[in-house]
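Student: I would like a close look at one part of this model. Please take me through the side of one chain that touches its partner.

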Amino acid sequence: MSEGAAQTEIAAQAADWAQRRHFWNWSEDDQAELDAWLAQSMAHRVAYWRLNATVERTERLTALKPSLPERSPFWQRRGWTITFRAVAALIVVAAIGVAATEYAAKPAPQVFATTIGGREVIRLKDGSEIELNTDTVLKIASGTSARDVTLEKGEAYFQIRHNADQPFSVTVGDHRVVDLGTRFLIRKDDNALEVSLIEGRARFDATPQSRHASSIDMKPGDVVIAKNGQVRLTRRPERAIVSQLGWRNGVIVFDSTQLSAAAAEFNRYGGKKLVIADGAAAKLKIEGTFQLNNVEAFADAVQVAFGLRVEMRPDEIRITR
Amino acid sequence: MAETTDTTREDAGRIRPGAAMNTSELEAWFVREVLPLEAALMQFLQHNWRNRSDIADLRQDVYERVCLAAQEQAPDNTKAFVFRTARNLLVDRIRREHVVPIEAVEDVDALSMAMDEPGPERSAIARDELRRLQAALDRLPPRAREAIVLGRIEGLQGNEIAQRMGITEGVVSRHLASGIGALADMLYGEDAKPRRKP
């Protein structure tokens, strides 16, 4: 019989084996090493079996993976980020040839745009990073500083290196967010702007040109919502804010979200349009983590969880009762 | 194993009580019949053992004893056997450590009878499985969850997870290991209470 301390140590070793086995390249030598460790005692075996069974249970989560063969997203491919700025500049020139003359007089800002379902990471010289979600347009002022950006539409996650001499500022419509060393998320829909501060400090205020006077010093967990000319400050638990960032991992996280809102969220990313064609069904609440580009898997889960009818049409998925 | 070659198809994978088990049969039996009892076992241990920090170790001691015995001879009633083993283990500990009177340990037979069978309603359980997995995943610490999601849903390898999260491979390993441990505790050690939505 093992002593308590020994069991704790064995549990840690078993967890390490389980993660090595399932998340890393696994060779025959590794297997031989694991077999030898397992052969040492029943305590090793039961600890490993339990954790191994756990990981195997999570294999069901891969049901959420898209069925089409996947290309790894470009930002995960080696070498891309180095050439990103140059390539992006070329794309911009090609894409907005008409606008080029307009910018000719002053140094042209760099424009970064994602398509519906797209995602991009921009790495700035100062080490800051901006991650763009689906259907987003962001402009970065040219020049060496490049600490002034404009979010035209969409959603972006900012991880900004603080520089006291040169604050980083994001302009969105009439509003402006000035960072004081932070991580934050900005989402601009047609009629609302939402700024969530995850870490550090930032100031939310109006652009010099606008007539708004609101200025708010934001703390982590603060969420500022600007809608219909009104600015409101609220707070969200860290868990909820982390869930909002699921898209960075290619997932959407729902936490007691109504089906209608869930469908709207999926529809941001393109793919087949999800239509909830039943008033009562639209109010059902769902929770869980879903692959954002696999609306079919979501529809399946909804069908199973609520017993709703799912009708696959060429251009849309209709959910009825 | 020779003893099971003549079993019918419905019995395939079932272990005949009294027979010895080889290692892979023992693992399959342990995962299929013992692990689903974990929530009840944890309840039993928590009820009968004051020191919370010992519980996880006691559980592993129970598993170890159960499997050592079962590889020689498969018990005919797994649940009764697991709880009897747990009770005996606690009694041994109490004797050795002179902490609590022996009467503190509840009547195992009464207790295990009162608890629900994990039951053959596997399909009903399967329906809630995905939701349960997701709920468990959502309760992990954010970094551990991110690492596991990247590995399981996006299918990234450890080194790619490290790149994606901007952390070292060693740190990824630690997040994954702690995440797996926490998931095991949630998926096996807690009562499955499928929360029905309206």
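Student: Before that, what percentage of the residues of chain A count as buried?

Tutor: This is a predicted model. Of the 321 residues of chain A, 33% count as buried. Chain A holds 9 helices and 16 strands. Take its contacts between residues at least 6 apart in sequence: 45% of these join residues at least 24 apart.

Now the part you asked for. On chain B, 44 residues are in contact with 46 residues of chain A. Helices of chain B that give two or more residues to this side are H1 (23-34), H3 (55-72), H6 (122-138), H7 (142-152), H8 (158-165) and H9 (169-189). H6(B) gives the most, with 9 residues. By type, the residues on this side of chain B divide into 21 nonpolar, 8 polar and 15 charged.

Pick out H8(B) from that list. Its buried residues are B:Gly158, B:Ile161 and B:Ala162. Buried here takes 20 or more other C-beta atoms within 10 Å of the residue's own. Look down the axis of H8(B): the buried residues fall within an arc of 100°, so they line one face of the helix. Then follow the chain past the end of the helix. Just after H8(B) comes B:Gly166, with a positive phi of about 70°.

To recap, H8(B) gives two or more residues to the side that touches chain A. The buried residues of H8(B) line one face of the helix, and B:Gly166 follows just after H8(B).

Methods: Residues numbered from 1 in each chain as written. Chains lettered and ligands numbered in written order. Predicted model: local features only at pLDDT ≥ 70, side-chain atom pairs only at ≥ 80, totals over all residues. Contact = placed C-beta atoms within 7 Å. Helix = DSSP H or I, 4+ residues; strand = E, 2+ residues; numbered from the N terminus. Nonpolar A, V, L, I, M, F, W, Y, C, P; charged D, E, K, R; others polar. Buried ≥ 20, exposed ≤ 12 C-beta atoms within 10 Å, placed from the backbone. Arc of directions from axis to C-beta.
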